[in-house]
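Hi,

Here is the structure I promised to send over. Have a look at it first, and then read on for what turned up when I went through it.

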Amino acid sequence: MLTKQQNEELTQVGPGTPMGDVLRHYWYPVAFVRELDEFPTKKARLLGEDWAVFKTADGYGIVAERCPHRGASMVFGIVETDGLRCGYHGWKFDPAGNCVEILAEPDSSAKFREGCSIPAGIAQEMGGLVWAYVGEAPAPELPRYEAYVMDGIRDIGHAVIPCNWLQIMENSVDPYHVEALHGNYFEFIAAQQGTPMPGSFGGNRHEKVAFDNFEHGIIKRRLLVGQDEESDDWKIGHPLVFPFKMWVGGNGVFQMQIRVPVDDTHTHVMFYTVHAPEGADVSGDTRCVDYPIDWIDDNDRFVVDYIEGQDIMAWVSQGEVADRTNEKITKSDVGVVACRRMFRDAIRAVSEGRDPVAVVREPHDVVKLPLERSKFGRGSQFATDWIEHGSMRYSPIASEMKQLHLDAAAARTELGQT
Ligand code: FES
Ligand SMILES: [Fe+2]
């Protein structure tokens with residue numbers, strides 16, 4: 001249980017708030033590369049502020065949405081080789097936000113223009129996404145987590161949902177919900193609706209769970225009834241990636257769950273999935289498909305007959321910002337407690353002028369994170385169950401990906417692998 005003030009400190013993401021200062025140490029996806037290829041400007045709301053993202057011949061940029069002249073939206077600006085020009089009166093800004101030209105006043109002084117700059121971040125492309133950093137200089141490295149740079153077919157279901165990002169992060173260190181929400185509740189809904197229940201998610205009873213802090217967040221381990229301590233779920237586990245992701249998968253499916261804090265009460269959730277099963281040749285294939293997922297139906301009811309729809313129901317139904325002043329935290333919430341501690345430690349680090357955890361300053365080729373190879377001890381059925389009964393069911397390439405995993409499993413059998 002937290003006080004109202006502690007809850008606000010942990011959940012507010014705007015500029016000048018303690019957590020807002022922590023979150024401004026990281027890079028966030030603000031567009032799909034595809035979107036800016038189709039049209040070179042896009043609005044992005046990030047950490048409670050509105051931005052215009054754009055693509056020039058030289059690269060990507062991000063500036064505050066409001067033009068400093070008289071407040072028109074820079075989203076409707078003209079993209080030039082070296083900057084963005086406001087569509088209203090033609091004031092031009094370079095990617096660093098300097099006002100470099102006032103169209104109607106060619107003789108404007110440099111001194112006047114200096115006072116007319118626009119807040120700017122930096123942006124670059126990786127893994128089919130455009131990433132932005134809007135914190136203080138010097139910017140840390142954009143971490144090249146394996147998901148974004150590995151070979152494999154990318155499949156990204158996404159939605160903006162009306163809740164604070166922290167309750168989604170708490171879910172990442174809450175293994176028991178898999179047994180209840182994706183097991184018992186799924187069975188209940190399947191029975192009510194007469195729809196199928198995926199075999200891989202039924203009957204996963206937890207014997208114990210454990211959490212270890214590491215340099216990118218918290219590794220979560222589970223031991224299910226019937227497993228021994230040599231199982232991947234216990235020995236390897238998978239991590240909450242601080243402060244807005246979880247790396248999960250197994251059996252040839254690799255997924256970074258990305259939760260971009262849009263503002264205090266909205267989060268852009270992305271299920272960034274890479275299909276790369278052993279036995280399939282995906283070398284050099286990094287195509288990237290994105291699509292919206294349904295989480296609420298025409299009658300305003302949650303769509304709960306698939307895995308991530310169940311998660312979204314839980315996250316959103318906790319309230320726009322979960323009321324932690326009234327909860328009853330107990331032994332089985334040990335991961336949630338560890339998560340809050342890590343966020344509080346990050347606030348302290350930043351207030352003392354240090355980098356919080358998972359800020360990467362060293363240039364690197366790839367950051368590899370722990371991940372189970374075999375999930376819940378299941379074979380390729382885990383992958384096909386996830387495609388059929390998870391957010392990937394909305395993917396335009398769902399059948400193709402299912403076939404990819406079936407063919408890969410057949411190829412592995414031929415080679416005598418499991
Ligand atoms: S409002 Fe942007 S140039 Fe006038
Ligand atoms: Fe879940």
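To start with the overall make-up, the chain contains 12 helices and 18 strands. Please keep in mind as you read that this is a predicted model.

On overall shape, the C-alpha trace spans about 75 × 50 × 50 Å along its principal axes. The radius of gyration of the chain is 23 Å, which agrees with a compact globule, because a globule of 418 residues would have a value near 22 Å. Of the 418 residues, 42% are buried. I also checked how far along the sequence the contacts reach: taking those between residues at least 6 apart in sequence, 63% join residues at least 24 apart.

Now for the domains. The domain assignment splits the chain into domain 1, covering 27-133, and domain 2, covering 146-414. Taken over C-alpha atoms, the centres of domain 1 and domain 2 are 33 Å apart. Where the two touch, domain 1 contributes 11 residues and domain 2 contributes 13 residues.

Which elements of domain 1 give two or more residues to the side that touches domain 2? They are strand S1 (28-32) and strand S2 (41-46). S1 gives the most to that side, with three residues. As for the chemistry you would meet there, the side of domain 1 that touches domain 2 has six nonpolar, three polar and two charged residues.

If you open the model, strands S1 and S2 are a good place to begin looking at the contact between the domains.

Best wishes

Key: Residues numbered from 1 in each chain as written. Chains lettered and ligands numbered in written order. Predicted model: local features only at pLDDT ≥ 70, side-chain atom pairs only at ≥ 80, totals over all residues. Domains from an automatic or database assignment. Contact = placed C-beta atoms within 7 Å. Helix = DSSP H or I, 4+ residues; strand = E, 2+ residues; numbered from the N terminus. Nonpolar A, V, L, I, M, F, W, Y, C, P; charged D, E, K, R; others polar. Rg over C-alpha atoms; globule rule 2.2 N^0.38 Å. Buried ≥ 20, exposed ≤ 12 C-beta atoms within 10 Å, placed from the backbone.
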